[in-house]
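Please open the model in your viewer and keep the selection tool at hand. The tour goes step by step, with something to select at each stop.

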Amino acid sequence: MAKNLFEVKTGLAEMLKGGVIMDVTTPGEASIAEKAGAVAVMALERIPADIRRDGGIARASDPQMIKDIQESVSIPVMAKCRIGHFAEAQVLEALEVDYIDESEVLTPADEANHIWKHDFKTPFVCGATNLAEALRRIGEGAALIRTKGEPGTGNIVEAVRHMRTIVMEMSHLSTLRGDELMAVAKEMGAPFHLVAQIAETGKLPVPNFSAGGIATPADASLVMQLGAESIFVGSGIFKSEDPAMRAKAIVQAATFFDDPKKLAEISTGLGAAMKGLDMSEISPEDRMQDRGW
Amino acid sequence: MIGVVALQGSFAKHAHSLGSIGVTCRAVRSEADLKSIDGLVLPGGESTTMTTLLQNEGLWEPLNATLETMPVFGTCAGAILLGQQVDDDRVKCFDKIQYKAVRNAYGRQIESFTTSLILPKLNYHDFHAVFIRAPKFENIQQGVDSLAVYGPEHVLLRQDHVLAASFHPELTDDATIHKYFVDEIVLKYR
């Protein structure tokens, strides 16, 4: 029997495909998410929209709060640690969370290094804005990649940019000759063996999800049609008028993402979505997607 | 033609495994998709999510009726749904194979593992099995045939036209168990 295997880590992500992972801050919200059909919940003290509003340093959550959420649901529970903060990740592993998100939503702890994720038995998910960033994280041991988008905005524009960029860069790599790959890997600053692998297979060696700004069923459909295999919804559910109904609708949208008639039905009568932020309202130093590299 | 229930989870992996042995598949997302298929797969994923979606989409009843006679292969969450009972009232069962499923019985993700299984009745050794937050099967009734054990646990079970695995054969490139399902169950029961 072997436990610390990459296929066991990516295996759980495979089980989450076609699903929705929802940010929750209380056991009550976790139960709403589970009842709506979420495949997993992300336990955190404040959802990204509130972190953005409150300012200050955002850290990993209180273990008690994570334990309370683990008690209240039977689906996998994920939790966030700061970029580079491997001690927070060790605490989350001790709590037996099912996935650790090394997340730009929290204040980075290390501006030079991300966590060496191969050292952990718990799988990691990491954000990326482009293919090179995704491959650096996979090189460090991430078992799941998600777009960063711009968290807490309810604005899908950045998640779309990141998903399109990753997919376009992968298809570009698959057109190259073998003798061109080393130069491209050098330029990208990405591990050569992963660049060569993408050139051959045309896809990431780990599942590819989307996060950062999803607020409606159509947003879910959009990123999934662009290549996302599942979605994370942060502020979009519990900052909307009717979270339970919106949660259920976004879960359905993840299944029927390519069925516009069904989406029309799903999107009807959900009440107001979260208000949201235009990118021009966010000053450069407040852009979460620029945290990490 | 095998229908793979494709609401959530590892449905694409199952279609890939079946495709590798030359079997065509159809994604099942509505009642109409159940027409003129010869077998069904209930994939791995989250059993609470699948219960919710099957009920919300009005797929529960037609699927339940179809499964009375239709050859079916359920893995992990799919195996939980096929059982007689489950230890969690958030999940509903089709009661098509007589055992009680205990969810996440090995523990959380940190306890997930891989191992090598012997499949004596398939005359096969060294099947690489991936267990992800796997269930255990308890109160296994007479008439349910065990095709593989891991320690004291029965991990691959068959009762007539129903095949259930607590692990994920769809996550490997070895289609031995999919081939058994097609050759020994689908082709013999249709």
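The stops below lead from a sheet in one chain to the interface between two chains, in what is a predicted model.

Begin by selecting strands S5, S6 and S9 of chain B, which form an open sheet in the order S5-S6-S9 with mixed pairing. Colour residues 83-86 and 136-138 of chain B, and you will have marked the edge strands S5 and S9, each of which pairs on one side only. From one strand to the next, the twist averages 40°.

Now stay with S5(B) and add residues 97-102 of chain B, which make up strand S6; the two strands run parallel and are joined by three bridges. To see a pair of bridge partners, select B:Gly83 together with B:Ile97 in S6(B).

Next, show both chains and turn to where they meet, with 36 residues of chain B in contact with 39 residues of chain A. The two chains bury about 3,000 Å² between them, and 54% of this lies on carbon and sulfur atoms. Select B:Arg108, B:Gln109 and B:Ile110, since this trio supplies 22% of the area that chain B buries against chain A, more than any other three residues.

For the charged pairs, note that four salt bridges are counted between chain B and chain A. Select the side chains of A:Asp98 and B:Arg133, which meet in a salt bridge at 3.1 Å, N to O. Finally, helix H2 (47-56), strand S7 (113-119) and strand S8 (124-131) of chain B are the elements that each give two or more residues to the side touching chain A, and H2(B) gives the most, with five residues.

Terms used:
Residues are numbered from 1 along each chain as its sequence is written. Chains are lettered from A and ligands numbered from 1 in the order in which they are written. This is a predicted model: local features need pLDDT of at least 70, side-chain atom pairs count only at pLDDT 80 or more; totals for chains, interfaces and linings use all residues. Side-chain values use heavy atoms; hydrogens and water are left out. Two strands pair if DSSP finds at least two bridges between them. Helices (H or I, at least four residues) and strands (E, at least two) are DSSP runs, numbered from the N terminus. Axes are lines fitted to C-alpha atoms, for helices over the stretch in contact, and angles run from 0 to 180 degrees between N-to-C directions. Contact means heavy atoms within 4.5 Å. Buried area is the accessible area (1.4 Å probe) that two parts lose on being put together, summed over both.
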